[in-house]
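Here's a quick briefing to read alongside the model. Pull up the structure and follow along.

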Amino acid sequence: MSSRGNLHGMQPLNILLVRVSSLGDVLHNMPIVADIARHYPNANIDWVVEEGYVSLVRMNARVRTIIPFALRRWRKSLGNPATRAEIKAFFSTLRAQRYDYVFDTQGLLKTGIIMGAAKGRHKVGLGNGSEGSGYEGISRLFHTRSVKLDPRTHAVARGRLVVGAALGYDVDYPADFGLPEVSPDDPRPDWMPAGPYCVFFHGTARDAKKWAPANWIELGAALAPMPVLLPWGSTKEKAEAEALAASLPNARVLPQLPMADAVLLARHAALAVGVDTGLTHIAAAFVRPTVEIYADSPRWKTEGNWSPKIINLGDRGAPPSVAEVLAAARTLLAAGRN
């Protein structure tokens with residue numbers, strides 16, 4: 001491990017990460033923090049993120065300051081004086097610190113504007129998008145350096161490679177999300193079972209990414225009597241969860257969970273099975289036994305590839321069978337008991 005931050009009396013680097021949304025993207029950015037700390041242990045690392053994901057970033061103890069960004073809420077009331085005052089305060093906080101490096105690893109106009117407003121000597125971002133991404137090339141206007149990558153670079157690796165290229169280190173070791181390990185002494189909310197449970201992350205915004213309800217029911221029945229928890233994030237997802245629970249006596253529909261509790265749900269699961277969505281990736285980031293199901297998105301882009309406790313199945317246009325998912329689930333549960 002290098003300690004460049006201590007060489008020749010060098011002052012600690014001040015670094016700002018700009019990755020504001022969505023849940024999966026914010027999560028996939030987190031290994032950058034451990035990478036920087038590994039090579040520059042005295043670095044000060046700040047992060048601009050959408051206010052809804054502050055609780056997730058706060059779980060990484062190496063992040064010094066979190067600067068909440070509330071564009072989703074501000075858009076609804078831009079004419080309101082209180083909203084304008086809040087936006088002004090955001091930019092004031094953003095510009096209060098002078099940074100050695102500002103990294104925009106999202107590559108959107110809005111993140112480029114944040115980068116442009118920040119005080120930074122070096123402003124580094126993505127030089128191109130990945131296949132199927134929402135990358136906006138105009139974001140490069142705010143860069144002092146743009147780093148081009150293979151369009152098929154994994155979502156976790158993209159940001160890590162951009163930052164490593166700028167700070168002079170190679171990323172040739174598994175991703176570390178910097179999240180706290182589960183302890184048996186951790187307090188559990190009232191809705192969480194005292195013993196082991198499985199969670200089905202069945203919901204996602206795009207219907208094509210979902211796994212058939214009959215598949216979830218067959219899987220849940222095969223896992224009985226292990227309790228199966230069913231979270232939801234919209235009225236439609238709640239109805240889907242209720243339909244699954246009606247056919248599974250060992251399944252329970254959860255109350256609507258705030259982000260912090262949704263993270264706890266993933267963090268404590270004895271087994272997580274989910275489609276390609278942020279909460280599934282959170283379980284994988286905590287290195288919980290996780291089966292990731294791909295049905296309409298490319299597996300190479302987000303699959304959990306940093307631990308044998310994560311099994312990735314299916315691919316775009318080729319969802320896995322119940323037998324495949326059940327076999328993976330049983331393998332992970334058996335490994336957890338050994």
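Arginine 64 counts as partly exposed because its relative accessibility is 40%; on this scale buried means under 20% relative accessible area, exposed means over 50%, and partly exposed is in between (1.4 Å probe, protein chains only). Its salt-bridge partner is aspartate 46, with the closest N and O atoms 2.9 Å apart. Keep in mind that this is a predicted model, where local features need pLDDT of at least 70, side-chain atom pairs count only at pLDDT 80 or more, and totals for chains, interfaces and linings use all residues. Residues are numbered from 1 along each chain as its sequence is written, and side-chain values use heavy atoms, with hydrogens and water left out.

**Salt bridges**

- The structure holds 13 salt bridges, each being a side-chain nitrogen of Lys or Arg within 4 Å of a carboxyl oxygen of Asp or Glu.
- Back to that pair: aspartate 46 sits in strand β2 (residues 44-50) and arginine 64 in strand β3 (residues 63-69), so 18 residues separate them and distant parts of the chain get linked. Helices (H or I, at least four residues) and strands (E, at least two) are DSSP runs, numbered from the N terminus.
- Aspartate 46 counts as buried, because its relative accessibility is 2%.
- Asp207, Lys210, Lys236 and Glu240 are joined into one network by salt bridges that share partners.
- Aspartate 35 and arginine 160 pair up at 2.7 Å, N to O. Aspartate 35 lies in helix α2 (residues 31-39) and arginine 160 in helix α7, so the salt bridge ties together parts 125 residues apart in sequence. Both aspartate 35 and arginine 160 are buried.
- Arginine 19 meets aspartate 25 at 3.6 Å, N to O. Arginine 19 is buried because its relative accessibility is 9%, while aspartate 25, at 28%, is partly exposed.

**The largest pocket**

- The largest pocket holds about 1,400 Å³ of space, and the residues closest to its centre, out of 50 that line it, are Ser22, Leu23, Gly24, Lys209 and Gly278.
- For the record, on a 1 Å grid over the protein atoms alone, a pocket is an open set of points where a 1.4 Å probe fits, with protein on both sides within 12 Å along at least five of seven lines; lining residues have an atom within 4 Å of a point. Volume is the space filled by probe spheres set on the points, which are joined across faces, edges and corners.
- α1 gives the largest share of the lining, 4 residues. Helices supplying at least two residues each include α7 (155-167), α10 (259-268) and α11 (278-285).
- The lining divides into 16 nonpolar, 23 polar and 11 charged residues. Here Ala, Val, Leu, Ile, Met, Phe, Trp, Tyr, Cys and Pro count as nonpolar, Asp, Glu, Lys and Arg as charged, and the others, Gly among them, as polar.

**Backbone oddities**

- Most residues other than glycine have a negative phi, and most peptide bonds are trans.
- Serine 21 and serine 22 are joined by a cis peptide bond, with omega about -10 degrees; serine 22 lies in the loop between β1 (14-18) and α1.
- Alanine 224 and proline 225 also have a cis peptide bond between them, with omega about 10 degrees. Proline 225 is in the loop between α8 (213-223) and β8 (228-230).
- Valine 287 is not a glycine, yet has a positive phi of about 60 degrees. Look for valine 287 in the loop between α11 and β11 (290-294).
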